Amino acid sequence: MSAAAVETVGVIGAGVMGTGIAQAVAVAGGAVVCVDTSAAARERARRQLVEGRFGLRAAVERGKLAAADVDRVAARISWESELSAVAGAAVVIEAVPEDLALKVRVFRELDRVAAAGAVLATNSSGFPVGALAAATDRPTRVLGWHWSSPAQIMRFAEIVVTEHTDPDAVATVTRLAHGLGKNPVVVRDAPMAWGYVANRVYWA
Ligand SMILES: NC(=O)c1ccc[n+]([C@@H]2O[C@H](COP(=O)([O-])OP(=O)(O)OC[C@H]3O[C@@H](n4cnc5c(N)ncnc54)[C@H](O)[C@@H]3O)[C@@H](O)[C@H]2O)c1
């Protein structure tokens, strides 16, 4: 995969999922701006990226990455403390804890600081995407991108669309997901239920 096939991606939250998502994008050649308000989380994420169970050294051991590429891939990710750092990203993936009020606050702020046409995606496990879209002035550019864990490895990508999501936004993230070697499946938001398709099947 060439770097040109992948756009600059913003990732909000450098926890388990955000770090894995950042790694998946960087391994594919993309530039990542990963924002976490916690300095300790950013430090842990830097370590996990390289030394973690699904990190870059483990990928080398599994024969998925050349040892010489570890530093190059790690250098594609910048770790930031302010949401405004994602201003240059075409796609921003939110992966803060599963707390609706927190996610609404993050989407309000992202709407203010992200580029005008940027797609804002949530990795929520099950909150209605429409609730986050409604927190912004760009509901047509908001969708869900529910990653499977570990994000570095699992290929299933659940792309969750509301009645307002612009097909062009869906095309942008579907193209990006394919570029990362993922298998995107587009599903409809379920405003009155928790979970999209995968988690509702899982918990049924
Ligand atoms: N863990 C999984 O298996 C899994 C799978 C799919 C989806 N998800 C979803 O992904 C999301 C993240 O889950 P996780 O397991 O990575 O959580 P986590 O607790 O490991 O990481 C969340 C990170 O967000 C940071 N954060 C909190 N507030 C922030 C803010 N305002 N701005 C920037 N960063 C902030 C925290 O410091 C933390 O580092 C949740 O919505 C979760 O439901 C998790």
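**Reading the ligand site of a predicted model**

Guide: The protein has eight helices and eight strands, where helices (H or I, at least four residues) and strands (E, at least two) are DSSP runs numbered from the N terminus. This is a predicted model, in which local features need pLDDT of at least 70, side-chain atom pairs count only at pLDDT 80 or more, and totals for chains, interfaces and linings use all residues. Residues are numbered from 1 along each chain as its sequence is written, and side-chain values use heavy atoms, with hydrogens and water left out.

Visitor: How many residues surround the ligand, and which are the closest?

Guide: A residue is near a molecule if one of its heavy atoms lies within 4 Å of it. Here 24 residues surround the ligand, and the closest are Met17, Asp36, Glu98, Lys103 and Ser125.

Visitor: Which element gives the largest share of the shell around the ligand?

Guide: Helix H5 does, with three residues. Helix H1 (16-27), helix H5 (100-113) and strand E6 (142-147) are the elements that give two or more residues to this shell.

Visitor: What polar contacts does the ligand have with the side chains of Asp36 and Lys103?

Guide: A polar contact is a pair of N or O atoms within 3.5 Å; within protein, one must be able to donate a hydrogen and the other to accept it, and residues adjacent in sequence count only if both atoms are side-chain atoms. An N or O atom in the Asp36 side chain is 2.6 Å from an oxygen atom of the ligand. For the side chain of Lys103, the corresponding distance to a ligand oxygen atom is 2.8 Å.
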